[in-house]
Amino acid sequence: MKRVVALALAALLGSPLVARARETEKHDYLLHCSGCHRPDASGTPGTVPSLFGIDRFARSEEGRAYLVGVPGVAQAPVSDERLAALLNWLVREHAAARADEAALPFTAGEVARLRAAPLRDPAPVRARVIGTTEGIGEEKQ
Ligand code: HEC
């Protein structure tokens with residue numbers, strides 16, 4: 001029985017269905033995020049943050065509210081399901097921590113709740129979560 005499950009899982013992971021889902025997330029990123037964060041997610045120092053290591057925001061409640069609440073995320077013109085998938089893909093792609101320390105994935109329900117309250121002033125929330133506003137255009141003040 002275990003072998004059947006393992007085989008089914010292996011087949012699913014290698015299947016075109018899973019590959020197509022990843023393509024959707026990449027496509028959503030390129031369409032709705034890369035104009036500011038750049039196609040490789042490196043951002044523009046001092047104005048648009050790089051997304052490398054964004055898993056650091058996914059490890060606390062306030063961090064998750066920040067991640068979903070920044071205007072570019074909360075107001076992205078995609079469904080809650082697609083946004084959750086996009087964030088999970090981004091966190092996987094650009095995590096600083098090892099895979100076995102992966103942050104909990106976002107669900108559509110959590111995204112719906114958090115994006116309903118977009119952050120008007122993200123900087124102080126970011127400072128509380130990771131202790132700095134460096135990288136989002138506030139450091140020179
Ligand atoms: C119009 C430009 C723009 C677009 C489009 C945009 N962002 Fe952003 N993003 C920013 C800026 C600027 C910040 C810094 C916080 C703020 O002022 O909103 C930010 C912050 C973030 C952060 C927090 C990172 C940190 O280090 O503080 C994440 C995560 C993020 N954006 C992801 C996304 C994703 C995912 C998309 C697409 C769905 C997206 N953004 C679309 C400009 C943009």
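What follows is a chat between a biologist and a modeller about one predicted structure.

Biologist: Before we start, what should I keep in mind about the model and the numbering?
Modeller: This is a predicted model, in which local features need pLDDT of at least 70 and side-chain atom pairs count only at pLDDT 80 or more, while totals for chains, interfaces and linings use all residues. Residues are numbered from 1 along each chain as its sequence is written, and side-chain values use heavy atoms, with hydrogens and water left out.

Biologist: How many helices and strands are there in the protein chain?
Modeller: The protein chain has 8 helices and 0 strands, where helices (H or I, at least four residues) and strands (E, at least two) are DSSP runs numbered from the N terminus. The C-alpha trace spans about 60 × 30 × 25 Å along its principal axes.

Biologist: And what share of the residues is buried?
Modeller: Of the 141 residues in the protein chain, 36% are buried, with buried meaning under 20% relative accessible area, exposed over 50% and partly exposed in between, for a 1.4 Å probe and protein chains only.

Biologist: Let's go to the ligand; which residues come nearest to it?
Modeller: There are 20 residues around the ligand, and those that come nearest are Cys 33, Cys 36, His 37, Tyr 66 and Arg 126; a residue counts as near if one of its heavy atoms lies within 4 Å of the molecule.

Biologist: Which polar side-chain atoms lie 2.6 Å from an oxygen atom of the ligand?
Modeller: One belongs to Tyr 66, with a polar side-chain atom 2.6 Å from a ligand oxygen, and Arg 126 likewise has a polar side-chain atom 2.6 Å from an oxygen atom of the ligand. In addition, an N or O atom in the side chain of His 37 is 2.9 Å from a nitrogen atom of the ligand. A polar contact here is a pair of N or O atoms within 3.5 Å; within protein, one must be able to donate a hydrogen and the other to accept it, and residues adjacent in sequence count only if both atoms are side-chain atoms.

Biologist: Which elements give two or more residues to that shell?
Modeller: Those are helix 3 (34–37), helix 4 (61–69), helix 5 (71–74), helix 6 and helix 8 (122–130), and the one that gives the most is helix 5, with 3 residues.

Biologist: Switching to aromatics, how many pairs does a search of the whole structure find?
Modeller: The search finds 2 aromatic pairs. One is the tilted pair of Tyr 29 and Trp 89, at 6.2 Å centre to centre and with 55 degrees between the planes. Rings of Phe, Tyr and Trp (its six-membered ring) pair if their centres lie within 6.5 Å, and planes under 30 degrees apart count as stacked, over 60 as edge-to-face and the rest as tilted.

Biologist: Which parts does that pair tie together?
Modeller: Tyr 29 is in helix 2 (residues 16–32) and Trp 89 in helix 6 (residues 80–94), so the pair ties together parts 60 residues apart in sequence. Tyr 29 is buried at a relative accessible area of 3%, and Trp 89 is also buried, at 9%.

Biologist: What about Phe 57 and Tyr 66?
Modeller: Their ring centres are 5.1 Å apart and their planes stand at 40 degrees, so this pair is tilted, and both Phe 57 and Tyr 66 are buried.

Biologist: Where does the charged end of Arg 64 sit?
Modeller: The charged end of Arg 64 sits over the ring of Phe 106, 4.1 Å from the ring centre; the criterion is NZ of Lys or CZ of Arg within 6 Å of the ring centre and within 35 degrees of the ring normal. Phe 106 belongs to the loop between helix 6 and helix 7 (108–115) and is buried, with 5% relative accessibility.

Biologist: Now backbone angles; what is phi for Arg 38 and Ala 41?
Modeller: Phi is near 75 degrees for Arg 38, a positive value in a residue other than glycine, and about 70 degrees, again positive, for Ala 41. Most residues other than glycine have a negative phi.

Biologist: Are those two buried or exposed?
Modeller: Arg 38, in the loop between helix 3 and helix 4, is partly exposed with a relative accessible area of 41%, whereas Ala 41, also in the loop between helix 3 and helix 4, is buried at 0%.
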